[in-house]
Amino acid sequence: MTIAAPAEPALGGRLGAIIRRATELYEDLDFKSVLDWKAKDKTRRAIGFLPVYVPREVIHAAGGLPVGIMGGGDMTEIVRGDSYFQSYICHLPRSVIELAVSGRLDAMDGFLFPSICDVIRNLSGMFKLLKPDKYVHYFDLPQNFRAGLGGKFYAHEMRSVAQAVAKMTGSEVTDDRLRESITVYNANRRAIAALLELRIEKPWLIPATEYYLMLRAGYLLPADEHTALVNEYTLMVQQSNRRPLDNIRVMVRGAFCEQPPLALLRTLERAGCYLVDDDFVVGSRFIPDPIKAEGDPWEALAEAFMQRSLPTASVYDEKHQKGDLLVRRVKDVRADGVLLMAPSFCDPALLDQPMLQSALEEAGIPFTSFKYSEDTGQFQVIREQAGTFADAIKLWGTA
Amino acid sequence: MTTAAKKDASQERQKTMIAEHFEKLGHAKENKQKVVYTFVPGNLTELLANFDLLPVLPEINALQSGMRGKTGDYIHLAEKSGHSEDVCTYVKADIGMLKSGNIGPTGEKIPEPDLLLLSYTGCFTFLKWFELLREEYDCPVVMLHVPYQGDGNITPEMRQYVAGQIREVLIPELEKLSGKKFDEDRLREDLKRSAKAEDDLVWVLESAKHKPSPIDAYFGGVYYIGPIFTSFRGTQDAVEYYELLRGEIEERIKLGLGPVTPDGVMNEEKYRIVVEGPPNWTSFREFWKMFYDEGAVVVASSYTKVGGLYDRGFRHNPDEPIETLADYSMGCYTNLNLPDRVNLLENYVRDYDADGFLINSVKSCNSFSAGQLLILRELEKRTGRAGGFIESDLVDPRYFSAANIKNRLESYFQMIEAKKAKG
Ligand code: SF4
Ligand code: SF4
């Protein structure tokens, strides 16, 4: 039996309108919003980027719109995508290929594939073969974090993207422009941080699906528009009369690339878990704190990535601290337990798991793990697992 | 289809070299020799030798365990201790071997590492692999980030980045570990020897252009590249091994002989194939037999280029000792982007006058496998020759279905026949 995951009750008023807007954006796999944005000015260009992180400031500074390509979720019927990938490869690339070969990514003038895993890496080459007329670039993030080595290499990578986008838009990326873009995204960072803060404090005000939709909207809207939307949402929910439930507080790790379907988030919440921290759409807050908007902006972006980004499986843990950071974060957000949920066949997430598990075991923090895919449609097992986990914590404080 | 087996002198020589290496490893701790674990693609063998450090290559351990039929248990052990069934089985075979006492192929215990040298070429799993090993061993890790040839070239910035890491990060760490100063002159001498061995290796690989081919460049090829991979590049031993091998193959060409197989010399060459992807190790002989029994010889393969694309011109260059190590790391097959992989395979099909190409898609390895179905289509389109696709795994016996693979191969060879008949 499929556990139907009913929609949240329709909300009226401004809050309802904000959520409807974010839902429309999420469901818009033809990227109409991007086409509308481009239609307003013929110099506008859209650059699609794959998970996990790219410095969107650079695209913005060249007058481009960075657009997150996060797969087709559970809304894309895979007709041709499966014939490009063997059964033992995760789902995200097949839905991305499906979108590409069916013309739904035509709104993009270029594509960036950040260096997170071999699948995304090879997908960049597939795009080069399938879309020979588009700008396709594998964006190599540094795994050496010294300013004079990784920092220098990374600054050059960013500059090469800036030049490519500037060639399309005709707007050269000057240091001033880039500093302005950093400021624009810093405002966005603050808005997202305030939303997260509120969710940690009062998770009943922000259902997981709404929170998720707000983040995803940022992957389609221009940055300042998104900032305004998030700020308004955060304000509106505080004025709502949503009441707390007897849910446990959990943290999610492992969902940094292929995204869980909305219905899965709803299932977890209905099973008694407030998601107070997670790594969904992690690129939107990969660098959680504001970036320096004075001095050399390239260096500032590089320094932020190398020294202040969130720990993620695709970045080398040079200081051997992922376990400690995880445990510390659990304490900071006052989580009762952790859900290690990883996409099936996702090497980075699944290879990370044993390390995260031993850190949690050592710290006596309850956890449970399961796999999903972006088009998971059966939720019964996960609902039972999450429900049992929540009940055990409620009863005994441990799973 | 074959005549009696007889071991060549080069094979004996190689066996001795490997045995001596494991012997050294077996006594490393008592001889106070430091041991460095590192990976095959883009390996820095000459640099490690510069500090008299002994390399251990966990991938080679995994494949050797696979050949000895141990990996089924090792993988099971790793999965029981929380490793996912979905991930690369090399990692799990290694973790399982560690948990079973780390006994190497010669029965001696492989010493624990004094350093994990994470030279990060062409595969993200390497990163996780050593993060996982770091949990088990109390030793430092040093990372060499090797950028990918995403746009199909090595830019000056990439070169500077890698050379900079070798100079500023690796060498100081290796000096600290070994207590020895870096000796650039010695490195130059070793690199000269590397280049010499590489010349002969290329000659050997290219001998497959002859008809009949005197070598099998995939199943046999893994033996030819073995010594260079496993720690001997830059040594006089490696130079001599390749001279010996070259001499033997010159002789085979003179006599018009086909490749040596485990069942002797292959007599009739019926099909010439290019293969993409790693082989299966758990049923290596059985797999190979499915080819030579049908008279199929592999004339070129991408797998034998994981340790360098020497046949496309690269040689270690003693005049630029550090930069050449950087170029080498970035130039391996697994560091090529997909369009360049297709170009290379296309050229192999033409240069070696192959009847077709075959992809062995291994479940473990996203680095190789993701995108292979598009490679297949592109190659079919560009060459018009027969393309085949089979699936197996490197060291997980659960994913080697002999009957299934045999069936597929038989229909594949029939497809070649049909194409040949059409002209
Ligand atoms: S889900 Fe995992 S394996 Fe798949 S593309 Fe993303 S990071 Fe790579
Ligand atoms: S994924 Fe492939 S290249 Fe990487 S370690 Fe595993 S087998 Fe080797």
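This is a short walk through two ligand shells, one helix and a handful of single residues in a two-chain structure.

Okay, before anything else: what you're looking at is a predicted model. Keep that in mind as we go round.

Let's start with the ligands. Ligand 1 sits in the largest cavity. Which residues are around ligand 1? They come from chain A: A:C90, A:I116, A:C117, A:V119, A:I120, A:C257, A:E258, A:C346 and A:P348. Sort that shell by class and you get eight nonpolar residues, no polar ones and one charged. The charged one is A:E258.

Now over to ligand 2, and here we're in chain B. Around ligand 2 you'll find B:C88, B:Y90, B:C123, B:T125, B:F126, B:W129, B:S364, B:C365 and B:L394. The class count for this shell is seven nonpolar, two polar and no charged residues. And which element gives the most to the shell around ligand 2? That's α6 of chain B, with three residues.

Hold on to α6(B), since we meet that helix again right away. Turn to helix α12 of chain A, residues 322-332. Its buried residues are A:K322, A:G323, A:L326, A:V327 and A:V330. Looking down the axis of α12(A), those buried residues fall within an arc of 135°, so they line one face of the helix. For anyone who wants the reminder, an α-helix has 3.6 residues a turn, so residues three or four places apart point the same way. On the other side of α12(A), the exposed residues are A:D324, A:K331 and A:D332.

So what covers the buried residues of α12(A)? From chain A, the cover includes β5 (248-253), β7 (337-343) and α13 (347-363). And from chain B there's α6 (125-136), the helix I asked you to hold on to. So α6(B) turns up twice: it gives three residues to the shell around ligand 2, and it helps cover the buried residues of α12(A).

Staying with that helix for a second, have a look at its two ends. After α12(A) comes A:R334, with a positive phi near 55°. Ahead of the helix, in the loop between α11 (297-308) and α12 of chain A, there's A:H320. A:H320 isn't a glycine, but its phi is positive too, about 55°. How accessible is A:H320? It has a relative accessible area of 37%, so it goes down as partly exposed.

Chain B has one of these as well. B:N102 is not a glycine and has a positive phi of about 55°. You'll find B:N102 in the loop between α5 (89-99) and β4 (115-120) of chain B. Buried or exposed? B:N102 is at 5% relative accessibility, so it counts as buried.

While we're on backbone, there are a couple of cis peptide bonds to click on. In chain A, one joins A:P51 and A:V52, with omega about 15°. Note that A:V52 is in the loop between β1 (45-49) and α3 (56-61). In chain B, a cis bond joins B:K211 and B:P212, and omega there is about -5°. B:P212 is also in a loop, the one between α8 (184-206) and α9 (221-232) of chain B.

Last stop, three residues and who they touch. A:N247 is in the loop between α9 (223-238) and β5 of chain A. With 17% relative accessibility, A:N247 counts as buried, because the cut-off for buried is under 20%. Leaving out residues up to four places away in sequence, A:N247 touches A:E269, A:G272, A:C273, A:Y274 and A:K394.

Next, B:Y241, in helix α10 (residues 236-255) of chain B. This one is buried, at 1% relative accessibility. Setting aside residues up to four places away, the residues B:Y241 touches are B:S10, B:R13, B:Q14, B:M17, B:Y223, B:Y224 and B:P227. B:P227 is 14 residues away along the chain, with 8.2 Å between the C-alpha atoms.

And finally B:K420, in helix α16 (residues 402-422) of chain B. B:K420 is partly exposed, at 41% relative accessible area. Beyond its neighbours within four places in sequence, B:K420 is in contact with B:K270, B:Y271 and B:D355. From B:K420 to B:D355 it's 65 residues in sequence, and 8.1 Å in space, C-alpha to C-alpha.

That's my tour. Over to you.

Conventions. Residues numbered from 1 in each chain as written. Chains lettered and ligands numbered in written order. Predicted model: local features only at pLDDT ≥ 70, side-chain atom pairs only at ≥ 80, totals over all residues. Heavy atoms only, no water. Near = heavy atom within 4 Å. 1 Å grid on protein atoms, 1.4 Å probe; cavity = no way out; pocket = protein on both sides within 12 Å on 5 of 7 lines; lining within 4 Å. Sits in = over half its atoms within 2 Å of the grid points. Buried < 20%, exposed > 50% of the residue type's maximum accessible area, 1.4 Å probe, protein only. Helix = DSSP H or I, 4+ residues; strand = E, 2+ residues; numbered from the N terminus. Arc of directions from axis to C-beta. Contact = heavy atoms within 4.5 Å.
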